[in-house]
Amino acid sequence: MLLDDVVGVLNVAGWFAAGITAALGRTRLSRALLVAALTTTLIRVAVVVGLASAGWWFVQEKVLLGLPMLVTAALVASVYAARTRIHPVSASSVLALLTAAYAALAGLAVTFLVGYPVTWGAALITVALVGLAVLLTARVLRSDAVPAPASTSTRRFSRRQVLTFAGGAVVAGAAGGGAALSLAPTASVTGGGGAAPSSHQHHQLSVADLRGALTPAPGGTVRRHVLTARTTTVRLPSGRELQAWTYDGQLPGPPITATEGDLIEVTLRNADIDEGVTIHWHGYDVACGEDGVPGLTQDWVAPGGEFVYHFRADQVGTYWYHTHQASAVGVRMGLYGTFVVHPRAPRPERSLDLTLPVHTLDGAVLLGAHDTRMQRTTAAGTAVRLRLVNTDSEPHRFALTGTPFRVAAVDGRDLNRPDDVSDVALRLPAGGRYDVTFDMPSTSVALVVDDDPDRGLLLHAENGATPEPPYENVPELDLLGYGTPAAVPFDAADADRHFTLVLDEVWRWSTAGRRTPTP
């Protein structure tokens, strides 16, 4: 796409330069620029053909609008150039060259400002504006041509008029993309084939003003936390020291737990993270103003600043939180923590509930706060739940040996009647969460991370030391065939919707005034 944009800009420049130099009577230079313009036109066609292999979405506006206009105008310009050889200079040859320039500019404007999909209305408006630019230029050329001496039939044009119609051409060409941009996308794209959007007018409201609840549900309580983001040196159990960005100086950040219906209130402060911080509640449904997306739902918290999040914990399950400001760096450096909401139902009398986030920092793979294998002891018969959280941008592999187990929940959602499985591994995707449950046997149980027996968790039964269960490289569990399908809460016969999300070359203006590509 970048190559297509670069060639497109060179193509526009080539056609405009050929037309303007022809109007100025510089025939030799104009011929050379015409050859360059034709060459970049052919290159652009070849690039679009190559880009089409990545998907129709990336070339639709080029194939249906931009290239047909450009190639047609280029052929006409070539015919005129071949007939007149650009000497003597004629208004028609100059107009043909500038028409190709207008077509090239309009096609590029549509690509930059609209992308996929280009509609028939947008196409018609763009073609009409290119035609208008051509008619206006033809009028300027006819009225402002300066007759040459009688000894030659060459026509020349004043520099002032050349600059006038060249500037007007740029405006007219760019207007094609601007007009297309003003047209709404088709309903099939926005609605996925469902009901059309409401046409009722609504007052505008910033998403930053859509805030969460301020009181807990009946029977709930208020869970208040103050998290301070700061740089610190973290000493791991192995003795290794790491430079990290942390919430409250620890890896992971302080665990946030609640019971269904409680009110979560978290005050985030920034001590010295120059890049700024926020808190995003990964996978959790909160009001927009609590979602922690800088530049959209809030400003990032700069050093010395603070922001208060508040929302009701209505979603039961395993989640995690992390910064969303410069998150590719901030999360990796340690700005993350776990977030668990328990149901109001009473827990088993004997239970062990462990939340185990896996994270990689400077080559060290941490399970919770440990870079070495963790060990715990619990009584046989204890109901164990291991909440596995992947805070990395790459998947991790977990294997549980020594007992059958169930995958009770995926990404905070309970599975329907999960089966007991054994001798299988779990591949946890980036940002994902698996809840694994089992009843503690009278022997040891091991959780192995990334096929390394020295990394993970070893659970011992209280009745004495038992041999560590052997670890073998086992196949991975296919969750698509796991558990029992539950009844869906909608009409499955009328549930199909088709959406197309294109990560294309469209550019928009950010709220900070910087020109940034749409993600």
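This passage describes the nonpolar cores of a predicted model and one helix within it, α1. Residues are numbered from 1 along each chain as its sequence is written, and side-chain values use heavy atoms, with hydrogens and water left out. Because the model is predicted, local features need pLDDT of at least 70 and side-chain atom pairs count only at pLDDT 80 or more, while totals for chains, interfaces and linings use all residues.

The largest nonpolar core holds 46 residues. Such a core is a set of buried Ala, Val, Leu, Ile, Met, Phe, Trp, Tyr and Cys residues joined through side-chain atoms within 4.5 Å. Buried means under 20% relative accessible area, with a 1.4 Å probe and protein chains only. W15, F16, L97 and Y102 have the most contacts inside this core. Two or more residues come from each of α1 (2-23), α2 (27-52), α3 (60-84), α4 (91-113) and α5 (120-144). Helices are DSSP runs (H or I, at least four residues), numbered from the N terminus. The most, 16 residues, come from α4. A second, separate core has 38 residues, among them V266, Y284, F339 and V389.

Helix α1 has 22 residues. Its end C-alpha atoms lie 32 Å apart, which agrees with the expected span of 32 Å. That span is 1.5 Å times one less than the number of residues. G25 follows α1 and has a positive phi, near 85 degrees.

T21 is found in α1. T21 counts as buried because its relative accessibility is 9%. Its side chain reaches the backbone oxygen of A17 at 2.7 Å. Leaving aside neighbours within four places in sequence, T21 is in contact (heavy atoms within 4.5 Å) with R26, L29, S30 and L33.

Terms used
Buried means under 20% relative accessible area, exposed over 50%, partly exposed in between (1.4 Å probe, protein chains only). A polar contact is a pair of N or O atoms within 3.5 Å; within protein, one must be able to donate a hydrogen and the other to accept it, and residues adjacent in sequence count only if both atoms are side-chain atoms.
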